[in-house]
Amino acid sequence: IWHAASLKGNTASFYVKTNAHKGESGLYYSHVYVYDKNGKSAMKGTSVTVPAAAKPKPAAKLAVTSIKITNKPSSGYRVTATFTAPAGVQKVLMPTWTARNGQDDLVWHAATVNGNTATFYVSASSHKNEKGTYYTHVYVYDTKGAYAFDGTTVEVK
């Protein structure tokens, strides 16, 4: 591309935009042509290496990023979930039920939220003191009403 430079005294300058050259990185060559009033010219060339642009990080999205189970006595267990909620978190619910008799003991527990972490202690007494497989899902609701969820299973002896 032939660019017209701006003149100030005996200095010519022009800013080369990479987006005018397909945004490509690598070696760029520039030649400067100077013409006097009589039509005589002079040329000088130079080159510069343009580094590749840093790739933008993907925007954070509403998501449950991990679920951790601790304190597993026979009376229940603690669920700790981490999440991302760029719009802010409204609430985190942890519906839980046992494998025995389907969802006859389904309870939607409201978790305690601190920053990007939600916790709740699932008590077996809230689920007919049943032993065996428990299902716990984690639903994170953001301030815009959107939600994300994930789930896990736990064995209560």
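N129 is partly exposed in this predicted model, because its relative accessible area is 48%, and a residue has to be over 50% to count as exposed. To find N129, look in the loop between strand 10 and strand 11. Its side chain has a polar atom that lies 3.2 Å from the backbone nitrogen of S125. If you skip the residues up to four places away in sequence, N129 touches A124 and Y134. Now look for G76, which is 53 residues from N129 in sequence. In space, the C-alpha atoms of N129 and G76 are 8.8 Å apart.

The backbone of N129 is worth a look too. Most residues other than glycine have a negative phi. N129 is not a glycine, yet its phi is positive, at about 50 degrees. Where else can you find a positive phi in a residue that is not a glycine? Try N101, with a phi of about 65 degrees. N101 sits in the loop between strand 7 and strand 8. With a relative accessibility of 54%, N101 counts as exposed, since the cut-off for that word is over 50%.

Stay with these two loops for a moment. How many salt bridges does the structure hold? The count is 1, and it is formed by K128 and D104. Their closest N and O atoms are 2.5 Å apart, and the cut-off for a salt bridge is within 4 Å. K128 belongs to the loop between strand 10 and strand 11 (132–142), while D104 belongs to the loop between strand 7 (89–98) and strand 8 (107–110), so this pair ties together parts that are 24 residues apart in sequence. Are the two partners buried or exposed? K128 counts as exposed, because its relative accessibility is 51%. D104, at 36%, counts as partly exposed.

Next, follow the chain into strand 11, where you'll find D142. This one is a charged residue that is buried and yet has no salt bridge. The nearest side chain of opposite charge is that of K144, and it is 6.5 Å away, so the pair falls outside the 4 Å limit for a salt bridge. The backbone of K144 is another story: its nitrogen lies 2.9 Å from a polar atom of the D142 side chain. What else surrounds D142, leaving aside its neighbours within four places in sequence? D142 is in contact with L62, A87, G88, V89 and Q90.

Finally, step back to the strands. Strands of a sheet pair through backbone hydrogen bonds, either parallel or antiparallel. Here, 4 strands make an open sheet with antiparallel pairing, and their order is 5-6-10-9. Strand 5 (63–70) and strand 9 (112–114) are the edge strands, as each pairs on one side only. Going from one strand to the next, the twist averages 20 degrees. Zoom in on strand 9 and strand 10 (residues 117–123), which run antiparallel and are joined by 3 bridges. Which residue of strand 10 is the bridge partner of T112? That's T119. And if you carry on past strand 10, you're back in the loop that leads to strand 11, where N129 lies.

Definitions and conventions: Residues are numbered from 1 along each chain as its sequence is written. This is a predicted model: local features need pLDDT of at least 70, side-chain atom pairs count only at pLDDT 80 or more; totals for chains, interfaces and linings use all residues. Side-chain values use heavy atoms; hydrogens and water are left out. Two strands pair if DSSP finds at least two bridges between them. Helices (H or I, at least four residues) and strands (E, at least two) are DSSP runs, numbered from the N terminus. Axes are lines fitted to C-alpha atoms, for helices over the stretch in contact, and angles run from 0 to 180 degrees between N-to-C directions. Buried means under 20% relative accessible area, exposed over 50%, partly exposed in between (1.4 Å probe, protein chains only). Contact means heavy atoms within 4.5 Å. A polar contact is a pair of N or O atoms within 3.5 Å; within protein, one must be able to donate a hydrogen and the other to accept it, and residues adjacent in sequence count only if both atoms are side-chain atoms. Lys and Arg count as positive and Asp and Glu as negative; His and the chain ends are not counted.
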